[in-house]
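Reader: I am new to this structure and would like a close look at a single part of it, the largest nonpolar core, together with whatever in the rest of the chain helps to place it. Please take the time to connect the details with one another.

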Amino acid sequence: MTDAAATAPKPKKALNGARSFWLKQLHQWHWISAAVSLIGLMLFAITGITLNHAASIPAEPVTATTTATLPAPLLERLSSFPEDTTDPVPDAVARWAQDAFKVKIAGRPTETTVDEIYVALAEPGGDGWLTIDRATGEASRERTTRGWIAYLNDLHKGRNAGKVWFWFIDVFAAACIIFAVTGFALTWMHARQRPSTWPLLGLGLLIPVIIALLFIH
């Protein structure tokens, strides 16, 4: 046997080494993405069901109203506030509202007229607002909630949940994509030993396509 023949790599061995490498990588990325997205995936799956049956799930809105009076110095400060604007209220007024109503209105746009300042306070699973009478300083905070199911449904949609949740949804979606792609790659690599792989994958594609073509109008 020549030296060249002795040192030449065996194609089958090299192929098995490459397969082992990719299997290891795919398994690692698959379980990491699964761990990161598992709880969120369950949440979005459950709320997908509750959203689909929202009309059948009873919810009784609960409304709470609280009132307070803006101190005279702050009311005087509002006298220089524009009469027709969407600018946020002055910081001092925002701090007072947080102390009086436990609500953050700093930086929020207003609907200001000559008579009152209105701040919309929508939130997941509910709604609300705060008004301040510019003549008397009387302030009113109303909050309506619709329960935990409505709250989770709005999180599913990203409704009124803020920027942090907005970016969480994107990161979570990316983790789900990695989970799905690595799962598909693992399925493809094991398909030779599992004859039902491709028929099942094809069925997973075919069912929604048929439903969309025949039953969605």
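Author: In this predicted model, the largest nonpolar core has 20 residues, and the members that touch the most others are Leu-70 and Ile-105. Two or more residues of this core are given by each of helix α3 (72–78), helix α4 (91–101), strand β3 (116–120) and strand β4 (126–133), and among the contributions the share of α4, at six residues, is the largest. When the neighbours within four places in sequence are left aside, Ile-105 is in contact with Val-89, Ala-94 and Ala-97, and also with Val-119, Leu-121 and Leu-130. A further core lies apart from this one; it has five residues, including Leu-26, Ala-185, Leu-186 and Met-189.

Helix α4 deserves a slower reading. Its buried residues are Ala-92, Val-93, Ala-94, Trp-96, Ala-97 and Phe-101, and these buried residues pack against strand β1 (62–69), helix α3, strand β4 and strand β5 (138–145). Not every residue of the helix is turned away from the surface: Asp-91, which is also found in α4, has a relative accessibility of 53% and therefore counts as exposed, the cut-off for that class being over 50%. The C-alpha atom of Asp-91 is separated by 6.4 Å from that of Ala-106, although the two residues stand 15 apart along the chain. Just after the helix, Lys-102 takes a positive phi of about 55°.

From the core one can move to the charged pairs, of which the model has three that count as salt bridges. Side chains of opposite charge can pair when their charged atoms come close. One of these bridges joins Glu-123 and Arg-143, with 2.8 Å between the closest N and O atoms. Glu-123 belongs to the loop between β3 and β4 while Arg-143 belongs to strand β5, so this pair ties together parts of the chain that are 20 residues apart in sequence. The two partners differ in how they are covered, since Glu-123 is buried, at a relative accessible area of 17%, whereas Arg-143 is partly exposed, at 37%.

The other bridges meet at Asp-154, which is linked with Lys-157 and Arg-159 in a network. Between Lys-157 and Asp-154 the closest N and O atoms are 3.6 Å apart, and both of these residues lie in helix α5, three residues from each other, or about one turn of the helix. Between Arg-159 and Asp-154 the corresponding distance is 2.9 Å. Asp-154 is buried, with a relative accessible area of 7%; Lys-157, by contrast, is exposed at 51%, and Arg-159 is partly exposed at 32%. Asn-153 also has its place in helix α5, which covers residues 148–157. With a relative accessible area of 8%, Asn-153 is buried, and beyond its neighbours within four places in sequence it is in contact with Thr-47, Thr-50 and Leu-51.

Nonpolar residues are also found on the outside. A surface patch made up of nonpolar residues, among them Leu-200, Leu-203, Ile-207, Val-209, Leu-213 and Phe-215, has about 1,200 Å² of accessible area in all. Leu-213 is found in helix α7, residues 197–215, and is exposed, with a relative accessible area of 64%.

The whole chain gives these parts their setting. It has seven helices and five strands, which follow one another from the N terminus as α-α-β-α-α-β-β-β-β-α-α-α. The radius of gyration is 29 Å, whereas a compact globule of 217 residues would have one near 17 Å, and the C-alpha atoms fill a box of roughly 100 × 50 × 25 Å along the principal axes. Buried residues make up 27% of the 217 residues. Of the contacts with a separation of 6 or more, 56% are between residues 24 or more positions apart. The accessible surface of the chain is about 15,200 Å², and 65% of that surface belongs to carbon and sulfur atoms.

Notes
Residues are numbered from 1 along each chain as its sequence is written. This is a predicted model: local features need pLDDT of at least 70, side-chain atom pairs count only at pLDDT 80 or more; totals for chains, interfaces and linings use all residues. Side-chain values use heavy atoms; hydrogens and water are left out. A nonpolar core is a set of buried Ala, Val, Leu, Ile, Met, Phe, Trp, Tyr and Cys residues joined through side-chain atoms within 4.5 Å. Buried means under 20% relative accessible area, exposed over 50%, partly exposed in between (1.4 Å probe, protein chains only). Helices (H or I, at least four residues) and strands (E, at least two) are DSSP runs, numbered from the N terminus. Contact means heavy atoms within 4.5 Å. Patches are made of residues with over 30% relative accessible area and no salt bridge: like charges are joined within 9 Å, nonpolar side chains (Val, Leu, Ile, Met, Phe, Trp, Tyr) within 5 Å. Accessible areas come from the Shrake-Rupley method with a 1.4 Å probe; for residues, only the protein chains shown count as cover. A salt bridge is a side-chain nitrogen of Lys or Arg within 4 Å of a carboxyl oxygen of Asp or Glu. The radius of gyration is taken over C-alpha atoms; the globule rule is 2.2 Å times the number of residues to the power 0.38.
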